[in-house]
Amino acid sequence: KKSMLPIDSPKREELQEGSSSTDSKSNTAQRETSAKAEDAAKNLTRDQKSPKDDNKGKIDQVKDYAREKIDEIKHKAEDLTNEAKEKLHLKSDKSQAKETKEKGGESLLDKAEHLKDEAKAFVLFELSYYYSFSDSTKAHQYLNQGLAMKDKAPIIGSMGKFYEGMFYMDYDLNKAIGLMEMAEVELAKINSIQAKRLRARTLNNIATAYQWQDKHVKMLDILINKALPVALEAKDDVITGNIHYKIGINFWNNLQYAEANRYFSDALAYLKKGNYDPLTLNEVYKLLIVSLHAMKEKDKAKALMADFERFSKKHKGEIPLKDYYFVHAVHDRFEKNFDQSLKYMDLAIEEFKKMGNTHPRSIGELYYQRTLINISKGDFVAAYHDLHNHVENQLNSKGAFFQDSLNVALSYVKVYEGLGDYKNALA
């Protein structure tokens, strides 16, 4: 899997004033497990860090939901079938019966069969996606089973291209983009809510793929001008909130906090209305709290912290303790409670290490925040130690951005100025 903030969860993370800041696949693997498969499906974004292998419980959740979903759709399909049969048999006159069959009965029967097929294909594709985080062979098997059903219903073929593109995002990004773009064109021709929702998801993931290629202008154009209008038309609060969140990340990465605040606030409002995934919403809280502080909106930040506390208690055990401590560390830094801030950041680092993730960018992000705390505190020796011994390591990782190098360089300037070493500060 390719080494990639939720969210849905959530990301390639920029080492900036705030916290994480793009889509990380490891976080997505976590954040998209607590919601039911169908709602999580609306919310999935491919992220950019290597996933964990502890997904057995998540797979079981998807399997359980799959059984529920199939049973539910089967009941709906049976109702439609019975309705169709009633229309056919209630007419005693042969000519009327024939007309009913041609105009109503047959289409209802077809619709019933299509519902069964779509439900089965959806479950197979979802299982393929979830297994892709831990067992690529099994993921490919489920994908092929779903693709074999492409002629069963019009939407299944397009759905298959989307999920196949998702599968190849870790192996062949250009192929993945090509498949998903074909799926998007096909879905645009299908006039149904299901097609609109899937199309919004497809556009959302196409945008992420271009982000992986560092084509951020193209990513933003797709999200604002295509994905968001389709999501609004589909009246899907979860995917709409997720797209707002990703647009906000783009502005966040460019330090445009005013715009980021607007989109994060909208993301929060939309996600709360839907069957949100806690890990995605957790990421929105994280970034919005930091960006409000960055814009010196202290009262709003404090109010949001209180809301975050309620959210954290409600979903205790569902969101990583690392994130909980991270938010408090950053909040206390802006509140100038530096010693408390350092305690929380050390707890975040400790919890992160317990998770077993050794990706240099991920650990670098936490130590970068620790560096910022020490700079604000005036402890430039400690800041230099973290910056030199921990943060710079992430610059050698394949996932590093130009923005990372810029942030580290600016931090060195502050450290050298604080130490009175103006020669290195000006270097």
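Confidence in this predicted model averages a pLDDT of 77 over the chain, and 70% of the residues score at least 70. Over residues 1-16 the pLDDT is below 50, although this stretch has 139 contacts in the model beyond near neighbours in sequence. Residues 18-57 also have a pLDDT below 50, and for this stretch the model shows 216 contacts beyond near neighbours in sequence. Where pLDDT is low, the predicted coordinates should not be read in detail. The points below turn to helix packing, charged side chains and backbone details.

**Packing of helix 10 and helix 12**

- Two packed helices are described by the angle between their axes and the distance between the axes.
- For helix 10 (residues 237-253) and helix 12 (residues 278-294), the axes come within 11 Å and cross at roughly 35°, and the crossing in which helix 10 passes helix 12 is left-handed.
- On the side of helix 10, the residues that take part are Asn 242, Tyr 245, Ile 249 and Trp 252, and they meet Thr 280, Glu 283, Val 284, Leu 287, Val 290 and Ser 291 of helix 12.

**Salt bridges**

- The structure holds 17 salt bridges, and several of them are described in the points that follow.
- Asp 237 and Lys 273 form a salt bridge through their side chains, with an N to O distance of 4.0 Å. This pair links distant parts of the chain, since Asp 237 belongs to helix 10 and Lys 273 to helix 11 (residues 257-273), with their positions 36 residues apart in the numbering. Asp 237 counts as partly exposed because its relative accessibility is 24%, whereas Lys 273, at 57% relative accessibility, counts as exposed.
- Glu 259 and Arg 262 are joined by a salt bridge between their side chains, at 3.0 Å from N to O. The two residues are 3 residues apart in helix 11, so about one helical turn separates them. Glu 259 has a relative accessibility of 30% and therefore counts as partly exposed, and Arg 262 is partly exposed as well, with a relative accessible area of 43%.
- Asp 307 and Lys 272 also meet in a salt bridge, their side chains being 2.7 Å apart from N to O. This pair, too, links distant parts of the chain, with Asp 307 in helix 13 (residues 298-314) and Lys 272 in helix 11, 35 residues apart. Asp 307 counts as buried because its relative accessibility is 15%, while Lys 272, at 40% relative accessibility, counts as partly exposed.
- Glu 283, Lys 286, Lys 322 and Asp 323 are joined into one network by salt bridges that share partners. Within this group, Glu 283 is also one of the helix 12 residues that meet helix 10.

**A buried charge without a salt bridge**

- Glu 164 lies in helix 6, which covers residues 154-168.
- Although Glu 164 is buried, it has no salt bridge, and the nearest side chain of opposite charge, that of Lys 175, is 4.9 Å away. A salt bridge requires a side-chain nitrogen of Lys or Arg within 4 Å of a carboxyl oxygen of Asp or Glu.
- Leaving aside residues up to four places away in sequence, Glu 164 touches Leu 143, Leu 147 and Leu 179.

**Pro 154 in helix 6**

- Pro 154 is placed in helix 6, and it counts as exposed because its relative accessible area is 59%.
- Pro 154 and Leu 187 are 33 residues apart along the chain, and their C-alpha atoms are separated by 9.4 Å.

**Loop residues with positive phi**

- Most residues other than glycine have a negative phi, and most peptide bonds are trans.
- Lys 235 is not a glycine, yet it has a positive phi of about 55°. Lys 235 is found in the loop between helix 9 (216-233) and helix 10, and with a relative accessibility of 69% it counts as exposed.
- Lys 336, which is likewise not a glycine, has a positive phi of about 65°. The loop that holds Lys 336 runs between helix 14 (321-334) and helix 15 (338-354), and Lys 336 is exposed, its relative accessible area being 59%.

Notes
Residues are numbered from 1 along each chain as its sequence is written. This is a predicted model: local features need pLDDT of at least 70, side-chain atom pairs count only at pLDDT 80 or more; totals for chains, interfaces and linings use all residues. Side-chain values use heavy atoms; hydrogens and water are left out. Helices (H or I, at least four residues) and strands (E, at least two) are DSSP runs, numbered from the N terminus. Buried means under 20% relative accessible area, exposed over 50%, partly exposed in between (1.4 Å probe, protein chains only). Lys and Arg count as positive and Asp and Glu as negative; His and the chain ends are not counted. Contact means heavy atoms within 4.5 Å. pLDDT is the predictor's confidence in each residue, from 0 to 100. Axes are lines fitted to C-alpha atoms, for helices over the stretch in contact, and angles run from 0 to 180 degrees between N-to-C directions. A crossing is left-handed if the near helix is turned anticlockwise from the far one by less than a right angle, and right-handed if clockwise.
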